[in-house]
Amino acid sequence: MVTLTLITLTPYRRHDEIKGVLIMADITRRFGWRHLRSAPTAHIRHHKRGKLAHDGQGLSFWYRSLSAALSEVPVDDRELAMAFHARTADFQDVTVQATVTYRISDPAEAANRLDFSVDPDTGSWRGAPLEQIATLLTETAQQHTLDVLARTPLAAALVDGVASVRERVATGLAAEPRLPATGIDVVAVRVVAIRPEAEVERALRTPAREQIQQEADRATYERRAVAVERERAIAENELASQIELARREEQLVDQRGTNARREAEEKAAADGVRTEAEAARKVRLARAEAEAARETGGARAEAQAAWLRVHGEVDPATLHALAATRLAENLPRIESLTLSPDVLTGLLAKLGRPEGGAGA
């Protein structure tokens, strides 16, 4: 027969928060016993019936809650951020932001001076030891900061106040007797900022902003001046280019005129040569035509003279017959011709009339 037993474990995790209570140790319950498991950065002190049973870091052990007294002291480096107000030598309020890094180097002494006890059932701190340490460090740092800034004007505090406050706070915390008595070592001190009130900060920013604005305006004016100078150079280059272009256009016009004049002169010379050649040709042609006309006229005159000589030697009747023949050749065609007896008688009488009588 096998019996199964269900065991409910209720763990408490480190740094968990239950109902506003900070839980440090991991504790597990089982059959009335408790098991504690601590972190390597936590120093555990376990007293059993008034005697120290366990003492060390990263312990893990079983115990009974009714007879156990537990203390857990963190030994890791811890950052404590603080911010407080102070007043400078010229009665100006400033806000100082700083960070102090500390560690508990002697856990036994710290457990004896502060309440680091934890509840054996829940593992939560019963007191607020870290708050006590924070209050001690903050008040000590604030005291030394007030001493420094009370003798420093606002302007000097804003310029060199961070370094001077850091040195003074580090020296003051190192000389504080309560810290080594509690087992606390200060590892580092950092001053983040020293800031005046909002109105004073705006007033201080105004000259710087005006100067920055003036520098920006000066840079703008210089940039505009450079731009104007470049535009002027570009305009001058364009003007020079236009002048050179106009000069070359003038040369081109002159060259074109010279070329046109030379072309006209050559054309006129060619026209003159052509005109002279044409005139000479016409003269020669006219001379040839005149010579031909003269020769033709001579030939016609000779032919006319010969014709006249021939007609002068022929009798009148023959001439009349030739004239009638030529006239008949030149007259239009006559289809029919009617001659009356009177016309025919007269014509025959003329034809039969002797040549001597006709002359009479």
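The accessible surface of the chain comes to about 25,300 Å², and carbon and sulfur atoms hold 55% of that area. The model is a predicted one. Of the 360 residues in the chain, 24% are buried. The secondary structure consists of eight helices and 12 strands. Among contacts in the chain with a separation of 6 or more, 61% are between residues 24 or more positions apart.

The interior is a good place to continue. In soluble globular proteins, nonpolar side chains tend to be buried together. The largest nonpolar core here has 44 residues, and the members that touch the most others are Leu36, Phe116, Ile133, Leu137 and Leu149. Several elements each supply at least two residues of this core: the strands β7 (60–63), β8 (68–74), β9 (78–87), β10 (93–104) and β12 (184–196), together with the helices α1 (107–113), α2 (129–149) and α3 (154–175). The largest share, eight residues, comes from α2.

Helix α2 therefore deserves a separate look, as the source of the largest share of the core under the helix numbering used here. It has 21 residues, and from its first C-alpha to its last it reaches 30 Å, close to the 30 Å expected at 1.5 Å a residue. Its buried residues are Pro129, Leu130, Ile133, Ala134, Leu136, Leu137, Thr140, Ala141, His144, Thr145, Val148 and Leu149. The buried residues of α2 pack against three strands that come before the helix in sequence, β8, β9 and β10, and also against α3, α4 (178–182) and β12.

Leu137 shows this packing at the level of one side chain. Which residues is Leu137 in contact with, leaving aside its neighbours within four places in sequence? They are Leu80, Met82, Val100, Tyr102, Leu173, Leu179 and Val186. Of these, Leu80 and Met82 fall within β9, and Val100 and Tyr102 within β10. Leu173 falls within α3, and Val186 within β12. Leu179 lies in α4.

Charged residues make up another part of the picture. Side chains of opposite charge can pair when their charged atoms come close. The chain has 16 salt bridges. One of them joins Arg168 and Asp147, whose closest N and O atoms are 3.7 Å apart. This pair links distant parts of the chain, since Arg168 is in helix α3 and Asp147 is in helix α2, 21 residues apart. Are the two partners buried or exposed? Arg168 counts as partly exposed because its relative accessibility is 29%, and Asp147 is also partly exposed, with a relative accessible area of 29%.

Other salt bridges lie within a single helix, α5 (residues 198–313). Glu244 pairs with Arg247, with the closest N and O atoms 2.3 Å apart. Because these two are three residues apart in α5, about one helical turn separates them. Glu244 is partly exposed at 27% relative accessibility, and Arg247 is partly exposed at 38%.

Further along α5, Glu291 forms a salt bridge with Arg294, and here the closest N and O atoms are 1.7 Å apart. Glu291 and Arg294 are likewise three residues apart, so they too are separated by about one helical turn. Glu291 has a relative accessible area of 34%, which makes it partly exposed. Salt bridges can also share partners: Glu229, Arg232 and Glu236 are joined into one network in this way.

Definitions and conventions
Residues are numbered from 1 along each chain as its sequence is written. This is a predicted model: local features need pLDDT of at least 70, side-chain atom pairs count only at pLDDT 80 or more; totals for chains, interfaces and linings use all residues. Side-chain values use heavy atoms; hydrogens and water are left out. A nonpolar core is a set of buried Ala, Val, Leu, Ile, Met, Phe, Trp, Tyr and Cys residues joined through side-chain atoms within 4.5 Å. Buried means under 20% relative accessible area, exposed over 50%, partly exposed in between (1.4 Å probe, protein chains only). Helices (H or I, at least four residues) and strands (E, at least two) are DSSP runs, numbered from the N terminus. Contact means heavy atoms within 4.5 Å. Accessible areas come from the Shrake-Rupley method with a 1.4 Å probe; for residues, only the protein chains shown count as cover. A salt bridge is a side-chain nitrogen of Lys or Arg within 4 Å of a carboxyl oxygen of Asp or Glu. The expected span of a helix is 1.5 Å times one less than its number of residues.
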